[in-house]
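This report walks through one model, from its ligand shell to a single buried side chain. Please keep the sequence and the structure in view while reading.

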Amino acid sequence: MPSFRNFVLALAATFLAPWLCLVVIPHAKMKAQEVQTWEDKELGTKSSYPAGTPNIFQQGQAVYAREGCASCHTQMIRPTYFGFESWRPGFGKEGTRDNPVRIRETRPGDFLGERFAYLGVQRVGPDLSNAGYRHDEQWHHAHLYSPQSKREFSVMPSFRHLYIKRKVRGQRSDDALSLSGELDPGAGFEVIPSEDARALVGYLMTLKKDQPLPPWLLDGEEEAEENAADGGEKSK
Ligand code: HEC
């Protein structure tokens, strides 16, 4: 039955092609990524890309994974020819409508050394690639405890189970959340972040996927933009 054989061959080819393009080739490319170091002779600086992550990153990332943050948040800024994330307020560094901050797109090397890359599947909430720039730790804790206390319109669920309500013993803890209104735990009680909440917020604070790229990864146009962005930053 030659037609059956053709059918099977066609079927195999149909699956083989996407498998090669979507799994094998990207995997080989990702595996070949290495930390790159270079020296700027003019400035006398040594740089490496990526610069590596602190320990809290690994711990916090595990909590990020477990709590399913990646089902609503992405960590990928697409190139401008695919979408407008790099210009969109709330997606890169926080810019304003009049003064948008152009942030570079995410590169595969940004994930080097991470066990998993939490690219995310849906953009229900803002992209978190550069979340580390936007708020301080207190803000993150209050937001995770009750997103609506920070942004009334928020559909983000509360992660209150990562916090501990306890009786104040002696003095109030330094990192107790300052809660008001309905959230106030009541006199004599305080709400403190658990170990997991601390790690998670530590992780969020390190999310700054906009490290300078080695010169050989920049192409002409981008380089000009990078330089412009750098100049803008220094003058702040
Ligand atoms: C059901 C979807 C959903 C899930 C799950 C979710 N978020 Fe969100 N998140 C949102 C939305 C929507 C916003 C925007 C409104 C707001 O700030 O609350 C947001 C905002 C944020 C912000 C503020 C970003 C900014 O630019 O100001 C941070 C940080 C954040 N989320 C972290 C997390 C973390 C960490 C988790 C997991 C523990 C998580 N989110 C889980 C939907 C979600």
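## Polar contacts to the ligand

In this predicted model, an N or O atom in the His-143 side chain sits 2.7 Å from an oxygen atom of the ligand. Ser-154 places a side-chain N or O atom 2.5 Å from a ligand oxygen. For Arg-151, a polar side-chain atom is 2.6 Å from an oxygen atom of the ligand. Helix 3 (137-145) and helix 5 (195-206) are the elements that give two or more residues to the ligand shell. Helices here are DSSP runs of H or I with at least four residues, strands are E runs of at least two, and both are numbered from the N terminus.

The model is predicted, so local features need pLDDT of at least 70, side-chain atom pairs count only at pLDDT 80 or more, and totals for chains, interfaces and linings use all residues. Residues are numbered from 1 along each chain as its sequence is written, and side-chain values use heavy atoms, with hydrogens and water left out.

## The shell

The ligand has 24 residues around it, each with a heavy atom within 4 Å. Cys-69, Cys-72, His-73, Arg-134 and Met-156 come nearest. By class, 14 are nonpolar, 7 polar and 3 charged. Nonpolar means Ala, Val, Leu, Ile, Met, Phe, Trp, Tyr, Cys and Pro; charged means Asp, Glu, Lys and Arg; the others, Gly among them, are polar.

Cys-69 counts as buried at 12% relative accessibility. Cys-72, at 29%, counts as partly exposed. Buried means under 20% relative accessible area, exposed over 50%, and partly exposed in between (1.4 Å probe, protein chains only). The disulfide count is 0, taking pairs of cysteine sulfur atoms within 2.5 Å.

## Helix 3

Helix 3 gives the largest share of the shell, 4 residues. It is largely enclosed by the rest of the structure, because 7 of its 9 residues are buried. These are Trp-139, His-140, His-141, Ala-142, His-143, Leu-144 and Tyr-145. Their cover includes helix 4 (147-150), strand 3 (163-167), strand 4 (189-193) and helix 5.

## Gln-61

Gln-61 belongs to helix 2 (residues 55-66). It is buried, at 5% relative accessible area. Beyond its neighbours within four places in sequence, Gln-61 contacts Glu-114, Arg-115, Phe-116, Tyr-118 and Tyr-203, with contact meaning heavy atoms within 4.5 Å.

The side chains of Gln-61 and Glu-114 share a polar contact of 3.0 Å. Such a contact is a pair of N or O atoms within 3.5 Å; within protein, one must be able to donate a hydrogen and the other to accept it, and residues adjacent in sequence count only if both atoms are side-chain atoms. Tyr-118 lies 57 residues from Gln-61 along the chain, with 8.9 Å between their C-alpha atoms.
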